[in-house]
Amino acid sequence: MVKKYDVIVIGAGPGGMTAALYASRANLSVLMLDRGIYGGQMNNTAEVENYPGFRSILGPDLAQQMYDSATQFGAQYAYGNVESVTVLDDQSKLIKTDSDEFQTDVLIIATGSQYRKLGVVGEEEYSGRGVSYCAVCDGAFFKDKPVVVVGGGDSAIEEGTYLAQLVSKVNVVHRRDKLRAQKILQDRAFANEKVNFIWDSEVTEIVGDGQKVTGVKLHNKKTGEDSELATDGIFIYVGSEPMSAPFKNLPIMDEKGWILTDEKMQTSIPGIFAIGDVRKKELRQITTAVGDGGIAGQESFNYLEMLKDKQR
Ligand code: FAD
Ligand code: NAP
């Protein structure tokens, strides 16, 4: 049987949970669907120190606090891996998960983005056996051992500095000689004697003994030199891509899959909103996901009122 809600939010990260808070507080029936535990990327973040109200908070703790806020006015959370969305008519949208069907007048897409793979030999083979995309999840496996971190953005530098507390040495391999990360994160990493930078270099292969990672092959783009570096683990932070595949049939995204909205978070389809990291936007942060979520939650109410007015 198709289950009906006023508002369905796909993705229970900070964006989705905030949208659910606002919409349920406006007395709408709201369901958050997520294919994992609520919290989204916050579950993969060690410490958050740029979310106002907390000097510093563990990512999973912030996720729990947001979940408690989001559900206090009746919003529900359920497991569901959304596979497709069909626009049925001027108003209704049908959402299919791997096991259920739902109908709603307001759909809020808050599916975020996912890590990009490096695409080198050994990455797939040793994934979970030395290759990781999550320092919080896997850092402890490399206690007092050397690791490599790839990338020069906020994720690589922040998570690399976090790893330095656990491991014997962090070798950050970056393809240029300048970091993209925020200055405060750079300064901390440069001041940490356990963090070493290997500039202008790319990882060309991840090597192992058949069981686990033993090293990485490097190519220096400036000198042309090839070398091999022994390591027990490699953490890959080379950016992200939108999780928008289930919506590919809808004309709401750019050529790379980032969803386009106006300032009310409204896409080109009335009643379909998009928020957070999955949107085409400049700054992908918890604060901006939360801001988008507040707007979309409130706009859901306005949109449903407008539909009611039309029917009167
Ligand atoms: P997400 O948090 O990505 O949540 C999306 C949710 O959608 C997920 O739970 C996912 O399971 C679900 N989903 C996806 N597809 C489907 C589907 N088909 N069906 C059902 N559910 C689906 N930002 C900061 O402000 N401060 C930080 O310190 C910080 N540290 C970070 C550290 C790392 C390592 C990373 C990767 C990011 C960090 N960020 C930080 C960025 C921040 O985490 C994101 O900007 C924020 O989480 C985006 O929120 P969101 O709600 O848009 O999406
Ligand atoms: P990002 O900002 O896109 O940085 C990706 C990094 O990987 C860049 O340094 C890039 O190099 C490098 N890279 C990309 N492709 C590569 C490849 N094929 N081989 C080697 N290196 C490659 O991604 P991110 O660091 O994951 O951050 C994603 C978003 O989350 C950002 O908006 C960020 O601000 C946010 N975030 C915020 C915080 C925080 O506020 N504390 C923490 C983490 C993440 P180039 O520099 O040469 O392009």
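Modeller: A residue is near a molecule if one of its heavy atoms lies within 4 Å of it. This is a predicted model, where local features need pLDDT of at least 70 and side-chain atom pairs count only at pLDDT 80 or more, while totals for chains, interfaces and linings use all residues. Residues are numbered from 1 along each chain as its sequence is written, ligands from 1 in the order in which they are written, and side-chain values use heavy atoms, with hydrogens and water left out.

Biologist: Okay, which residues come nearest to ligand 2?

Modeller: There are 19 residues around ligand 2, and Asn50, Asp154, Ser155, Arg176 and Arg180 come nearest.

Biologist: What makes the pair between Glu158 and ligand 2 a polar contact?

Modeller: A polar contact is a pair of N or O atoms within 3.5 Å. A polar side-chain atom of Glu158 sits 3.1 Å from a nitrogen atom of ligand 2, so the pair fits that cut-off. Backbone atoms join in too: a polar one of Gly153 is 3.3 Å from an oxygen atom of the ligand, and one of Arg284 is 3.4 Å from an oxygen atom. The protein covers 77% of the 920 Å² of accessible area (Shrake-Rupley method, 1.4 Å probe) that ligand 2 has on its own.

Biologist: Over to helix α5, residues 183–191: which residues are buried there?

Modeller: Leu185, Gln186 and Ala189; buried means under 20% relative accessible area, exposed over 50% (1.4 Å probe, protein chains only).

Biologist: And why do you say they line one face of the helix?

Modeller: Down the axis of α5, the buried residues fall within an arc of 100°, so they line one face. On the other side, Lys183 and Ala191 are exposed.

Note on methods. Helix = DSSP H or I, 4+ residues; strand = E, 2+ residues; numbered from the N terminus. Arc of directions from axis to C-beta. Polar contact = N/O pair within 3.5 Å; in protein donor to acceptor, adjacent residues only side chain to side chain.
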